[in-house]
Structure formats: structure tokens, C-alpha cells
Amino acid sequence: MLDEISGKKTEAASLQGYLIRGIPVIKEGDDLALIVRSLFDLQDGDVLCLASTVVAKAEGRSRDLDEYSPGPRAQKIALILGKDPRFVQAVLDEAEDLLLDYPFLLVTTSFGHTCVNAGIDQSNVGGGRILLLPEDPCASAEALRRSLGKECAVIITDTCGRPFRCGVAGVAVGWAGVAALRDWRGAKDLHGKALEITLEAIVDEIASAANLLMGEAGDGTPAVVFRGLRYPQSGGTVFMPIEKDVIRPRIKS
Ligand code: GDP
Ligand code: MN
Ligand code: MN
């Protein structure tokens, strides 16, 4: 969709967001693509955002705390944090790297996402169980994308805290059919100066807007579709490569 502004072609400054209602409580084995297709008429170019919670449930990532036998490290951390040692063991099991063990567990997951408690949720799970993040959310997004029957992008979101900022916001933990980053390098600013370093984390921007519509509590709305966005279809990651990360070594030192 293009608008004519001042004689130049530019992207239309209009974006529609649709909250999909009527999604059931998701169980292991549920076909999320089928459920979404039955409730919403997707079009080519749409961006489907799904809360990681429902993707994880469909993938059977809920666990009983009794499945975990906490080792000495988990027990020690749990004592200091005042947490259930089984929960701490679950977080350690999902962690590829441990950045902080006090005053909370800040870890990097096996798929490269850095967050508190490895993104393990105890809300919206039920039955006193915990819910791990999907094992490989980009792979989950790609599988969903292929089952949608249209040329759509898929973003799997999670609500996350941010360093240096108050309040939680939605971020992308997995994506497919959309580039993680839009590369502005080489584009000219208002005064003709070429941008040198700007990579825009578009999947996080979209995830954040989706999260705003989904809500955090019992709304039962884990799926949002955005229509009207133009986006690059592949490239990049929002997970900072360890070798480029200047904050990580300072936290760990
Ligand atoms: P997260 O941000 O991925 O951790 O997910 P949240 O627990 O914050 O939930 C996001 C949205 O999805 C909220 O509106 C929840 O009520 C909703 N939600 C979570 N699980 C389910 C489910 O199984 N079925 C439905 N319909 N909604 C769910
Ligand atoms: Mn979550
Ligand atoms: Mn949330």
C-alpha cells in the first residue's frame, strides 16, 4: 500500500491490528494454525503474533515441579532467593548461560534469548504447573507459518522486563517470514548524511504492539494480526551475539 506524499512514494502510515477472539484454552497437541484459520480470515502479508504461552502449551512444554530434582546449586540459589528449589532447577535446566543469580535469575536460553527465569511462567498455565518457553521458537514460528495457507509472517511473543527501564513489554522470541532487523545503514537522513549503524528491531516493535492488545491476565486473547505493514522478509536476529555483547562480560565479572 503506497501513499503519495509531497510527490514521493512512501509507506502508508496506516496499520490495522486485530485481536482474535474465541481461542480455547490450549492443550498439548492442539493445532494453532488450524485454530487461527478457523477464527480469522488471514490475507497475504499479514503478520500473525502469538503469545509464547499458547505455542508452548501446544508443544507440550508444561511441567510439574515434581519432575525436577534440585541439585546442590539450585538448592543454594533457591535458599538465597526464597524460591522453590525445583523451580530454580527448571530455570537452570533451560539456561545456556547464567548472568545473575541474585536478586533474580537472569539467564540466556539455549536459543539465545536473555530473560529472567528463562521465561518460565506460572500464570495462565493452570493445575499448579509451570510452562517453559518453546524449545526453538523460530522453528515453531516457521512451522506455523507454513501451515497458515497464506504468505504471512509469524512472530512468537513473550512479555519481558527490560534492563534500565521500568515495566514489562512484549518482545519477539521467535519469528518467521519477517526479518528480525530492518537495516537503515546507508539510508540518508533529512540532511543527506548516511546512517551508519541503525538496525531497527522490527520484530520486537511488532511484538510489543501485539502484547499491548493481548493483555497479561485472563483476557484469553493470545493472537493478534497486523495488516498494512510492509516489512523485509528475512534476515538478522534480535539476540545479541555473545562475541558482540559488551554488557554480558561486565555483569559476569
Ligand atoms: P506470555 O506473554 O506469552 O507469557 O503470555 P501471557 O500469559 O501473558 O498471556 C497472553 C495472553 O494470552 C493473555 O490474554 C492470556 O489470557 C492469553 N492466554 C494464555 N494462555 C491461553 C490459552 O490457553 N487460551 C487462550 N484463549 N488464551 C490464553
Ligand atoms: Mn511469558
Ligand atoms: Mn504476557
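**A note on the two manganese ions and the chain around them**

1. Let's start at the metal: Asp121 and Asp158 are the protein donors of the manganese ion (ligand 2), each through an OD atom, at 2.1 to 2.2 Å from the ion. Please keep in mind while reading that this is a predicted model.

2. These two donors come from distant parts of the chain, 37 residues apart. Asp121 sits in the loop between strand E8 (114–116) and strand E9 (130–131), while Asp158 belongs to strand E10 (residues 153–162).

3. Are the two aspartates buried or exposed? Asp158 has 6% relative accessibility, so it counts as buried, since the limit for that word is under 20%. Asp121, at 23%, counts as partly exposed.

4. Now to the second ion. The manganese ion (ligand 3) has Thr159 (OG1) and Glu216 (OE) as its protein donors, lying 2.1 to 2.2 Å away. Here too the pair links distant parts of the chain: Thr159 is in strand E10, and Glu216 is in the loop between helix H6 (202–214) and strand E14 (223–227), 57 residues apart.

5. Both of these donors are open to some degree. Thr159 is partly exposed, with a relative accessible area of 24%, and Glu216 also counts as partly exposed, at 43%.

6. How far apart are the manganese ion (ligand 2) and the manganese ion (ligand 3)? The separation is 5.0 Å. Strand E10 is worth finding in the view, as it holds Asp158, a donor of ligand 2, and Thr159, a donor of ligand 3.

7. Stepping back to the fold, the protein chain has 7 helices and 14 strands. Its C-alpha trace spans about 65 × 45 × 30 Å along the principal axes. For 253 residues a compact globule would have a radius of gyration near 18 Å, and the 20 Å of this chain agrees with that.

8. What share of the residues in the protein chain is buried? Buried residues make up 41% of the 253. Of the contacts between residues at least 6 apart in sequence, 58% join residues at least 24 apart.

9. Last, the surface and the charges. The accessible surface of the protein chain comes to about 14000 Å², and carbon and sulfur atoms account for 52% of it. The chain carries 28 positive and 35 negative charges, and their mean positions lie 3 Å apart.

Conventions:
Residues numbered from 1 in each chain as written. Chains lettered and ligands numbered in written order. Predicted model: local features only at pLDDT ≥ 70, side-chain atom pairs only at ≥ 80, totals over all residues. Heavy atoms only, no water. Helix = DSSP H or I, 4+ residues; strand = E, 2+ residues; numbered from the N terminus. Rg over C-alpha atoms; globule rule 2.2 N^0.38 Å. Buried < 20%, exposed > 50% of the residue type's maximum accessible area, 1.4 Å probe, protein only. Contact = heavy atoms within 4.5 Å. Areas by Shrake-Rupley, 256 points an atom, 1.4 Å probe, with all protein chains shown as cover. Lys, Arg positive; Asp, Glu negative; His and termini not counted. Charge placed at Lys NZ, Arg CZ, Asp CG, Glu CD. Donors = N, O, S within 2.8 Å, 3.2 Å for Na, K, Ca; no water.
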